[in-house]
Amino acid sequence: MDQLTMKKMAAEAALKYVQPDTIVGVGSGSTVNCFIEALGTMADQIKGAVAASKASEERLRALGIEVFNANEVSSLDVYIDGADEITPQGYMIKGGGAALTREKIVSSLAKKFICIVDSTKQVDVLGSTFPLPVEVIPMARSYVARQLVALGGSPEYREGVVTDNSNVILDVHNFQILEPLKMEQTLNNIAGVVTNGIFAQRYANVTIVGTPEGAKIIE
Ligand code: 5RP
């Protein structure tokens, strides 16, 4: 079975977590695009959405779903987003689409993080298959890169990418993240780092995995 079909399966299974008359937190990426399509079938039942990227905002509006600013809501029942890697504990690497900062903000507003992935994203140790994205203030790029090398990583500047917040991304290769909570904090303490793509403090409460055998829900 191809990856997109597995993504769609996970995305459609997430609809059962969306309650009528609520505002839904929506992430970004190709799996989330499948979720937005599915959410379109409930457009007249929900109040609207808060989106984690400009791209997701546009897709939601195109389906007639009202988009709220994160400052307009005090909390969300659920936040639904994909991941680049996820462990059995629900720890994730995110930011392949460079939307990690807004994803961390919107997911922090939510009571439950529902992560939708295909089975290729499941790992035992973060950093096994995907480099760790770090969003950095442009003037701090070289300084932060040196600190990441000192921590054992191999940072690579993501050429030509500017985030929705006008910052740059360093992708850190060769970084086995054995203690996600600790590493998330350590990286956030480097001056010039806006956000790193480890989602451990805000882990996934529910993981929905699209597999060739169907959508599997891990609570
Ligand atoms: C964007 C993200 C995405 O959720 C992550 O990259 C997964 O993307 P996709 O669903 O396209 O595989 O974190 O910043």
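**The ligand site and a three-stranded sheet**

Me: Of the 17 residues around the ligand, which come nearest?

Reply: This is a predicted model, in which local features need pLDDT of at least 70, side-chain atom pairs count only at pLDDT 80 or more, and totals for chains, interfaces and linings use all residues. Residues are numbered from 1 along each chain as its sequence is written, and side-chain values use heavy atoms, with hydrogens and water left out. A residue is near the ligand if one of its heavy atoms lies within 4 Å of it. Of the 17 residues around the ligand, those that come nearest are Ser30, Thr31, Asp84, Gly95 and Lys121.

Me: How far from an oxygen atom of the ligand does a polar side-chain atom of Ser30 lie?

Reply: A polar contact is a pair of N or O atoms within 3.5 Å. Backbone atoms also take part: a polar one of Gly96 is 3.4 Å from a ligand oxygen, and one of Ala99 is 3.2 Å from a ligand oxygen. For the polar side-chain atom of Ser30, the separation is 2.5 Å.

Me: Which strands stand at the edges of the open sheet?

Reply: Strands are DSSP runs (E, at least two residues) numbered from the N terminus, and two of them pair if DSSP finds at least two bridges between them. The open sheet has the order S5-S6-S12 with antiparallel pairing. Each edge strand has a single partner, so one side of it is left without a neighbour in the sheet. The edge strands are S5 (85–86) and S12 (198–199).

Methods:
A polar contact is a pair of N or O atoms within 3.5 Å; within protein, one must be able to donate a hydrogen and the other to accept it, and residues adjacent in sequence count only if both atoms are side-chain atoms. Helices (H or I, at least four residues) and strands (E, at least two) are DSSP runs, numbered from the N terminus.
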